[in-house]
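Thank you all for coming this morning. Please keep the sequence and the picture in view while I talk, because I would like us to read them together.

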Amino acid sequence: VLAPLGYRRFKEEPGTVGYGGDPVTSSFWLQVPADGRTVVPMAGFHLAFTAGSRAAVEAVHAVALEQGARDTVAPRLLPSVHPDYYHTMLTDPDGHRMEVACHRPG
């Protein structure tokens, strides 16, 4: 889902997944706690990512839907944030929300 934003999965081992370019430039990690317990995010858990273009926002939206996400907000402008705020909001199969936004003009 993050490929349209330039992320790639560069590391995967039990309990850890890293996305980005490499361990030095990576900007997103998912890990389970050292004691192995399952973490249940609090209600309203929300991840947000910045996209470099409106096309990237639309690409993430399309890929996420293909992977089983639910469309919460289809790609659109949200001028109440600022005139160029173009975003989408999705909910994954586990109920977690992800927003992707581009702040650049069309």
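How many bridges join strand 6 to strand 7, and do they run parallel or antiparallel? There are 6 bridges between strand 6 and strand 7, and the two strands run antiparallel. Before going further I should say that this is a predicted model, in which local features need a pLDDT of at least 70 and side-chain atom pairs count only at pLDDT 80 or more, while totals for chains, interfaces and linings use all residues. Residues are numbered from 1 along each chain as its sequence is written, and side-chain values use heavy atoms, with hydrogens and water left out.

Let me begin with the overall plan. The protein chain has 1 helix and 7 strands, where helices are DSSP runs of H or I with at least four residues and strands are runs of E with at least two, numbered from the N terminus. Read from the N terminus on, the elements follow the pattern β-β-β-β-α-β-β-β. Of the 106 residues in the protein chain, 32% count as buried, a word that here means under 20% relative accessible area, with exposed meaning over 50% and partly exposed in between, using a 1.4 Å probe and protein chains only.

Now to the sheet that holds the pair I asked about. Strands count as paired if DSSP finds at least two bridges between them, and on that basis there is an open sheet of 4 strands in the order 4-7-6-5, with mixed pairing. Strand 4, residues 46–50, and strand 5, residues 70–77, stand at the edges with a single partner strand each, so one side of each has no neighbour in the sheet. From one strand to the next the twist averages 10°, the angles being taken between N-to-C directions, from 0 to 180 degrees, of axes fitted to C-alpha atoms, for helices over the stretch in contact.

Strand 7, residues 97–102, pairs with strand 4 in the parallel sense over 5 bridges; along this pairing Leu-47 stands opposite Met-98, and Ala-48 stands opposite Glu-99. Towards strand 6, Arg-97 in strand 7 is the bridge partner of Thr-91. The hairpin of strand 6 and strand 7 has 5 residues between the strands, and there Gly-95 takes a positive phi near 95°. Strand 7 is also mostly covered, with 5 of its 6 residues buried. Helix 1, residues 54–66, lies across strand 5, strand 6 and strand 7, and runs at about 15° to strand 6.

What about the other sheet? It is an open sheet of 3 strands in the order 1-2-3, with antiparallel pairing, and its edge strands are strand 1 and strand 3, each pairing on one side only. Strand 1 and strand 2 share 5 bridges, and in their hairpin, which has 2 residues between the strands, Gly-15 takes a positive phi near 85°. Strand 2 and strand 3 share 4 bridges, one of the partnerships being Tyr-19 with Phe-28 in strand 3.

In a regular strand the side chains alternate between the two faces of the sheet. In strand 2, Thr-16, Gly-18 and Gly-20 point one way while Val-17 and Tyr-19 point the other way, and all of them are buried.

Finally, let us look at the interior. The largest nonpolar core, meaning a set of buried Ala, Val, Leu, Ile, Met, Phe, Trp, Tyr and Cys residues joined through side-chain atoms within 4.5 Å, has 18 residues, and Leu-2, Leu-5, Tyr-7, Phe-49, Met-98 and Val-100 are those with the most contacts inside it. The largest share of this core, 4 residues, comes from helix 1. Leaving aside neighbours within four places in sequence, Val-100 is in contact (heavy atoms within 4.5 Å) with residues including Leu-5, Phe-49, Val-57 and Tyr-86.

Which type of ring pair do Tyr-7 and Phe-49 form? Rings of Phe, Tyr and Trp (its six-membered ring) pair if their centres lie within 6.5 Å, and planes under 30 degrees apart count as stacked, over 60 as edge-to-face and the rest as tilted. The centres of these two rings are 5.9 Å apart and their planes stand at 80°, so the pair is edge-to-face. Tyr-7 lies in the segment before strand 1 and Phe-49 in strand 4, 42 residues apart, and the pair therefore links distant parts of the chain. Both partners are buried, Tyr-7 with a relative accessible area of 18% and Phe-49 with 8%.
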